[in-house]
Amino acid sequence: MRPDRIFNSHKTRLMRHQIPGSENLSVALIFVALIALVVWITTTRDNFDPTERDLPIELLGDNSAQIEIYNRPLKPWHEPGQPMAGAAFDLAPFPAATLDAEWQPVGRVKRFQPDNLYEKINGEAEKFIKQGFVGLAFLRLRSADDSSEIAIELFDQGSLGGSLGVFSDHAAGRAIEDREGVSFVTTGAGAIGRQGRYFFRIAGDRQSAAITAKAASLVAAFAQLGRGPGTTTTHEEIVPTGFALLSQRLGIAEADIQFQEGNVFQYDFAQRFWFAKAGIGADTRLFVHVADSAAAAEDLIAALTAEHRYEYDELEVDGAYRLFRHRYLGSFFAVARRRNYVYGVEASPDRAAIPTVLARISESLDDDES
Amino acid sequence: MTSRKKYPHADYRGDYLSRRDLLKRILALGGIGAAGTYLTHAPEDFPWSLRDHTGLRGMPVETPFQLPDFRVEPANPGIQVGVGRGGDAHTMLRKALDAIGGLKHFIQPGDIVLVKPNVAFDRSPNLGATTNPAIIETLVRLLLVDARAAEVRIADNPIESPADCFAKSGIGAAAEQAGGRVYLPDPNAFEVLYTPGARLIEEWAFFRRPFKDVNKVIGIAPAKDHNLCHASLGIKNWYGLLGGRRNQFHQDIHEIVSDLSIMIRPTLTIVDGTRVLMENGPTGGDPSNVRDGNAVLVGIDPVATDAWAFEHLLQRPGRLPDYLYMAEQKGSGKVNYKDRLKVIT
Amino acid sequence: MSRLRAALAPRLNRWLRLTRVRVFSQVVFFGLFLFAVWATWTSRLGGYPVSALLELDPLVMLSTVLATGYVYKLLGWALIIIAITFLFGRVFCNWICPYGSLHQFIGWLFDNRPAHRRIAQNRYHPAQFLKYSLLIVFLLMSAMGALQIGLLDPIVMMYRAMATFFAPIFDAALGRVGAATEGLGASGTWLDSLKFAPGVEHRIFVGSFWIGVIFLFFVLMNLWKPRFFCRFVCPLGALLGVIASRSVFRINRIVEKCTDCDLCLSRCEGASDPQAQVRQAECFACMNCIDDCPENALEFTALRQDRSQVLPYPDLSRRKIVFAGALGLIAAPALRNSGRVNDENFSAKMIRPPGSVEESEFLERCIKCEQCINVCPTNVLQPAALKEGGIEALWTPVMNFRIAHCQLKCTLCSEVCPTGAIRRIEVAEKLGEGPYREQGPVRLGTAFIDTNRCLPWANQVPCVVCEEVCPVAPKAIQTYDEEDRDVFGKMVILNKPFIVPDLCIGCGICEAECPVQDQPAVYVTAVGESRSANRKLLLRSRTPARPI
């Protein structure tokens, strides 16, 4: 043994001389018993299933269904110093009929301009601004009966052309209904539609009869949009000439009429064109543009012709009338002028059908001369 | 009697220090002193210098890592979302995968695939708060057997106890039965991830360990209601790979979810619409909140996948959650799923 | 063949002796103890008897019977140990008890004394009566409703120190090794199966340092006096000593053979004087003296015991018994009067795990073994410090929601509790579903909002993490939604949370996840806990579908 060692340095020595056989036997028995104990304990594991310590789903009650939670409506911001809401509640541009006894507003009408539209509809904003967006009014309504909600977005697109453009994007392929000058499509829990220069989206937060009914009454109420006292919209803003020509004179369904604000035919000088199905091929459209004057119309056709020559062969020239054929696609493009009206047909597969269409447009302009 | 002075130690010979030894000792001490002086006083840019004049040298520097892009060119670029409807979970997953060109197009033999389910809570699978384990099992089997992946890893960092969540949701057992390997988080498993372009999580702790050597990533999320961001779908699922104090993100939830969409570019995003948690999300807990959505989506474009799931699984008419538009702006995909979708019933 | 037998037989004869099997038994039981602590985890628990050593502990049984009048669940198993003690004496101390094994091992490992001092240190010391006095004090306290044996019961100390002190240290070390080897091609999780708590971020245990210090203090005392704890302090040893007094087997000295060499004392564990009249209540039956006797004068036997060579009973005078009794009689009321355990001055943070019985009942049962704390998968359960329950409730389990929350569908703590302080409950009972709908869910307390710290209430910043994570359906945190213009002029919609106490179960996930971390803006206090009729908050529930 050395005193500087850390660990015990004693040798274990067995001092006794004899170990009885009975001790050997009992020791062997204890060994066996201990090993048996270890084996028994390590095999006690009863293939535990985690769901065992969970609740069977049948026992779970439908608490959410049984316990009614009242959600206090959103408390709207009230600018201190301003008169309280109520009489001063500024609903414009929504018509008064937007509200009724059952449906009351949640918060104020929120208004957005082109520069902050993205705050409301980030990502979608570009689509509206492209079509002449002027302002958005947003209002949420809550039902007093079952606290379901309806959100209304009312876009002022500046002109009927703009609202029509946005609407035709949304309505593509769906059945369009018309009620008192409001065109709309019905969606799962609301409606999308337009009236005059306004485009609107109505969306409920669930599908219910109450919401469907309210959406229908809202659509009816929106017939008054822009026609209330104090509005200064002119007839031209409500029904532009080009649109009137196509829909009233030529009798084309409103859903088939489209408006393009700028960059028509990919030319930056061509603006404000009205399009409609020409009834020839699937992609064939007739178009109308109302220029400021006959001279402006003449200039437009000249510019169009000059640009078209890069891709088209010029087949016929007759005064203001031009007929082109695309070099690769082989489709025909015709343009003509009458007074300050520029009209024509694009992407027609059939050369023979073009004069009939142009004649129809030209005839419809006759009435105007009288 | 002579009295002579007696020196008792007259024979003693001491061990005297030689001049040479003294010199050696002085040199050694001088050397140690000089070295010490150099280490402590040499300017910081000198080699071996330990000097830290400003206290900034001693600050820990984390070197963030970047994740690779896990996306694969789609078989048909026109189809970004596949939807399988009708039949059990297994059948629907197969149908959805067939719609986008089959799993084999996306997974090469020998790939190491990470599958990220949503195991956020210790709920049983039929409450809709976690991914359906049947889909996990099918997916892991398809990956290992059909696509011959070398390894399939399953990882999540749940809110509640990870071991419990994996056990109670049945996902741990399902994954391991099919041959996958479950990674649970621990403090050493996180590293700082650098995500260029992210506004809130440009540098943030990320569950790195299971991502080592991984070359394909598949997210597989249940469709859930979420109180703050309206829906927890495929993109929100990546939240479960973040570490750190995640609870601050609720101050700007849409920003964080759209950040998640650029944090990781998954090979596929699967949305499990077998049990849709319609309300009281994301925790659920009540069977009356769960609806059978009868659909499984497999998306290449996660934004379009989530948009379809939001409208058709959660059945929310009207506007999509803001974070989808923000994700589109950040370039993760397109909200518009129309014409980019194939449904197999 | 016979030559082989001739060569083997003496070896086998020497090998198969009692001291050998004793060491084997100690290793087995220490291993089983470690296995029990290791298996006390959510992914491993599956049916293992992880609290068995506590249930075998006669002191746990006796004191809880004295306190409550009943034998909970498996505590009757302690009769096995009592029966063994009747037969063989205090074999528990030196063959089974893991703390005893640890003491013996440490004492042996560092025992570097010369032979004469080894003999001297193992003579009986008069102060060994102390443990009997402690036993008397603790048992009297138990009978009066203050169960404190857990402070010194060796099995309890062992479980407590392993779970709260050693396991986190060990796990952290394994985690480091795993992370370090990750770069070398290992997966980083290859050591997880060895961890006590795999798959969690690191666990912390409030005040576990002192648990470890006390544990290690007694271990290190072996360097000064071998088996210090077992000889002087251990109340379980004292109880077993009393039971062992008239055991069937004991060490017997054959005086005719004895040469008074005192070699039997060199390794005597119990300091029980085998060289003279053996003190039966002190003897651990370690069998070392038999091996150390060169004259074969000592034997462990039932037959031919020399009745003049034994002192069966503890060395406890009537005087000592009276003093200990007096101390025991005033100890329990003195603790109670300390003022923390009552229905007036209870701590708001004294939140007990689900299934806990009413507080004074709880303290009649809880032995502070920390099995519940060890099994808790979220780390919310913590040993109570003095601030929560005073000295009486020290180290009893308490929920600390700043660390984590109580998981909705977890009842593991009630499953492992050996004494019924946390009664065994099913998930259905915890949630108040199925057959328990009438009585409602187990409520641990009630959450409150501190509107002075809550981001939407106080700072005009949107948040509501608490509402998101609230696990009950419908959610017990609802919001007032308000439009507001914040200090920078921006319009924000604030969801200001408030608590619905009729629905709140006090699970604390809101407090754990609140971003105002240091002093959460939503916090749970004990009022409204369903285990106590005197700590109710609401007169009745406002919704009949969810009784309180």
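**Sheets, domains and contacts in a predicted model**

In chain A, strand β5 (residues 182-187) and strand β6 (residues 190-195) run antiparallel and are joined by 5 bridges. Within this pair, A:V185 faces A:I192 of β6(A) across the two strands. The structure described here is a predicted model. As a general reminder, the strands of a sheet pair through backbone hydrogen bonds, in either a parallel or an antiparallel way.

The pair just described belongs to an open sheet of 7 strands in chain A, which can be read across in the order β1-β2-β3-β7-β6-β5-β4, with antiparallel pairing. At the edges stand β1 (103-112) and β4 (177-179) of chain A, each of which pairs on one side only. Neighbouring strands of this sheet are turned against each other by 20 degrees on average, with direction ignored. Helix α5 (residues 160-171) of chain A packs on the sheet, where it touches β3 (149-156), β5, β6 and β7 (198-204) of chain A. The direction of helix α5 makes about 150 degrees with that of β6(A). Helix α6 (residues 209-221) of chain A also packs on the sheet, touching β1, β2 (135-143), β3, β4, β5, β6 and β7 of chain A. For helix α6, the angle to the direction of β6(A) is about 5 degrees.

Further along chain A comes an open sheet of 7 strands in the order β8-β9-β10-β14-β13-β12-β11, paired in antiparallel fashion. Here the edge strands, each with pairing on one side only, are β8 (258-260) and β11 (312-318) of chain A. From one strand to the next, the twist averages 20 degrees. Edge strand β11(A) is joined by 6 bridges to strand β12 (residues 321-326) of chain A, and the two run antiparallel. In β12(A), A:L323 stands opposite A:E316. Helix α8 (residues 241-249) of chain A lies across β9 (273-277) and β10 (285-290) of chain A, at about 140 degrees to β10(A).

Chain A also meets chain C, in a contact that takes 43 residues from chain A and 50 residues from chain C. On the chain C side, the elements that give two or more residues include the helices α1 (2-15), α2 (18-39) and α7 (98-109), together with the strand β8 (477-485) of chain C. By class, this side of chain C has 25 nonpolar, 15 charged and 10 polar residues.

Chain C itself is assigned three domains: domain 1 (10-311), domain 2 (359-436) and domain 3 (446-525). The C-alpha centres of domain 2 and domain 3 of chain C are 26 Å apart, and their contact takes 8 residues from each of these two domains. The side of domain 2 of chain C that touches domain 3 of chain C is made up of 6 nonpolar residues, 1 polar and 1 charged.

Chain B is divided into domain 1 (17-61) and domain 2 (81-344), and the C-alpha centres of these domains of chain B are separated by 56 Å. In chain B there are 12 strands and 9 helices. The C-alpha atoms of chain B fill a box of roughly 135 × 40 × 40 Å along the principal axes. The radius of gyration of chain B is 31 Å, whereas a compact globule of 345 residues would have one near 20 Å. Of the 345 residues in chain B, 54% are buried. Among the contacts in chain B between residues at least 6 apart in sequence, 74% join residues at least 24 apart.

Notes
Residues are numbered from 1 along each chain as its sequence is written. Chains are lettered from A and ligands numbered from 1 in the order in which they are written. This is a predicted model: local features need pLDDT of at least 70, side-chain atom pairs count only at pLDDT 80 or more; totals for chains, interfaces and linings use all residues. Domain bounds come from an automatic or database domain assignment. Two residues are in contact if their C-beta atoms, placed from the backbone, lie within 7 Å. Ala, Val, Leu, Ile, Met, Phe, Trp, Tyr, Cys and Pro count as nonpolar, Asp, Glu, Lys and Arg as charged, and the others, Gly among them, as polar. Helices (H or I, at least four residues) and strands (E, at least two) are DSSP runs, numbered from the N terminus. The radius of gyration is taken over C-alpha atoms; the globule rule is 2.2 Å times the number of residues to the power 0.38. A residue is buried if 20 or more other C-beta atoms lie within 10 Å of its own, exposed if 12 or fewer, and partly exposed in between; C-beta atoms are placed from the backbone. Two strands pair if DSSP finds at least two bridges between them. Axes are lines fitted to C-alpha atoms, for helices over the stretch in contact, and angles run from 0 to 180 degrees between N-to-C directions.
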